[in-house]
Amino acid sequence: MSTHKLDISLEQELDALKLEGRAKPTERIIEHYIPPKGNNGPRYKLEGNDNEFIRLNSNSYLSLSNHPDLIDAADKATHKFGVGPGAVRFIDGTFVYHDRLEKKVAAFTNKPAAKIFNSAYTANCGLALSISNKKTHWIGDKLNHNSIIRAMRISSIPKENKGIFKHNDMADLKRCLDEVSPGMERVVVIFDGIFSMRGDYAPINEITKICKSYDSKFKDGVITVVDDSHGIGAYGDTGRGTPEFCNAAPDIIIGTFGKAFGVNGGFICASNSIIESVRQKADTYIYTNPLSVADCAAAIKAIDICDSAQGRQLLFDLQKRTNQFRQGLEGLGKESITGPHPVVPLLVRDTTKTHDLVNYLFNNGVLVVGLTFPVVPKGDETIRFQINACHTFADINHVIELLDQFD
Ligand SMILES: Cc1ncc(COP(=O)(O)O)c(C=O)c1O
């Protein structure tokens with residue numbers, strides 16, 4: 001037996017993806033991390049390239065990935081328990097660090113309970129598997145992250161039990177709620193806290209208010225779910241994310257430890273009954289090995305730091321650098337989407353120009369991501385810059401100067 005025939009078919013499918021412009025480029029390989037020195041923030045070296053790069057495409061907003069206390073915590077946990085759990089959670093794969101992290105993140109988000117996952121992606125899918133039944137209707141924002149779209153596909157059986165509202169359009173959310181079929185007992189309204197391609201945020205206070213006004217129409221009510229993967233740790237006065245920024249309390253909070261917290265893994269925070277349902281029903285939790293104890297110990301430390309004076313300073317630094325970059329872009333007359341989040345889009349609105357600018361920045365030692373059709377609609381071609389707390393004044397100035405020199 002060989003996979004020869006399948007290989008040929010797959011090659012054709014891959015060629016088609018390339019032709020449609022949907023193929024992902026070859027992955028660059030980071031070979032070295034160079035710690036901050038003098039006026040410079042950290043630099044990275046790539047395999048096969050002698051240059052040093054500033055990374056403006058990292059989600060590690062608080063720059064905790066290389067924090068010595070996180071590395072130390074991961075080290076200690078590994079030396080205590082080894083590198084792998086040996087089994088899934090319900091077959092004695094639960095270690096004290098898993099339990100501690102769940103309690104820690106539940107307290108941080110002000111919810112009674114939490115379950116941790118290998119990623120926010122699997123957390124979203126796990127939630128869908130846990131709280132959906134045939135009388136559940138799901139409603140989501142048009143620009144929701146792929147993991148939410150996937151979760152809604154998993155959960156929406158039959159598939160007409162689903163509504164999509166225009167991005168951040170509250171009148172359209174009401175339309176979706178009005179259109180829920182009679183007989184539905186449970187409505188789930190799910191949305192990103194921060195929309196990762198744009199850096200804008202969901203008006204959670206408005207969403208929860210609207211949902212509350214429909215709650216009594218359904219036996220199990222209208223449940224609000226925010227996936228705040230890009231907000232948690234990086235947004236709000238104390239880093240508690242978009243709910244804090246909006247002064248709102250959605251029913252369920254999903255997030256990742258893999259962005260501002262600088263580690264890896266996802267979580268769901270909610271009531272005790274929801275979390276117990278997740279433990280009993282979420283296949284993406286039950287049938288897969290958990291995070292390593294090293295990841296858990298590092299994530300616990302990350303939350304501790306985020307919730308300390310040091311964390312406030314990191315948030316302050318992040319905000320200062322974000323403002324500097326946003327003002328720099330504005331000074332150059334560049335188009336962006338305003339807001340305080342460290343995801344700063346530069347709207348180029350042309351595919352060739354976007355590729356040219358990404359290449360120009362790469363050739364000048366700056367890593368960024370260009371978003372072109374079909375990732376964004378034609379005409380919305382964008383370069384996404386992500387500011388991290390470790391970026392220095394000089395780093396940001398340098399990038400603004402480079403942008404100024406590009407024509
Ligand atoms: C809203 C949202 N959810 C989930 C994810 C995925 O997070 P993770 O890497 O933990 O699966 C992302 C990241 O890109 C995201 O933006």
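Start at the loop between strand E15 (369–371) and E16, and pick out Pro374 there. (Helices, H or I with at least four residues, and strands, E with at least two, are DSSP runs numbered from the N terminus.) Pro374 is joined to Phe373 by a cis peptide bond, with omega about 5°. Before moving on, note that this is a predicted model: local features need pLDDT of at least 70, side-chain atom pairs count only at pLDDT 80 or more, and totals for chains, interfaces and linings use all residues. Residues are numbered from 1 along each chain as its sequence is written, and side-chain values use heavy atoms, with hydrogens and water left out.

Next, select Asn247, in the loop between helix H8 (242–246) and strand E11 (252–256). Its phi is near 55°, a positive value in a residue other than glycine. Both stops are worth a click because most residues other than glycine have a negative phi, and most peptide bonds are trans.

Now colour by domain: domain 1 is 14–67 + 309–405 and domain 2 is 68–306, with bounds from an automatic or database domain assignment. The contact (heavy atoms within 4.5 Å) draws 22 residues from domain 1 and 27 residues from domain 2. Measure between C-alpha centres and you should get 27 Å.

How much area is buried between the two domains? About 2100 Å², with 62% from carbon and sulfur atoms; this is the accessible area (1.4 Å probe) lost on putting the two parts together, summed over both. Show Leu64, His67 and His341 as sticks: they supply 28% of what domain 1 buries against domain 2, more than any other three residues.

Look for polar pairs across this interface and you'll find ten residue pairs in polar contact, both at pLDDT 80 or more. (That's N or O atoms within 3.5 Å; within protein, one must be able to donate a hydrogen and the other to accept it, and residues adjacent in sequence count only if both atoms are side-chain atoms.) On the domain 1 side, helix H12 (309–331), strand E13 (343–347) and strand E16 (382–386) each give two or more residues. H12 gives the most, with six residues.
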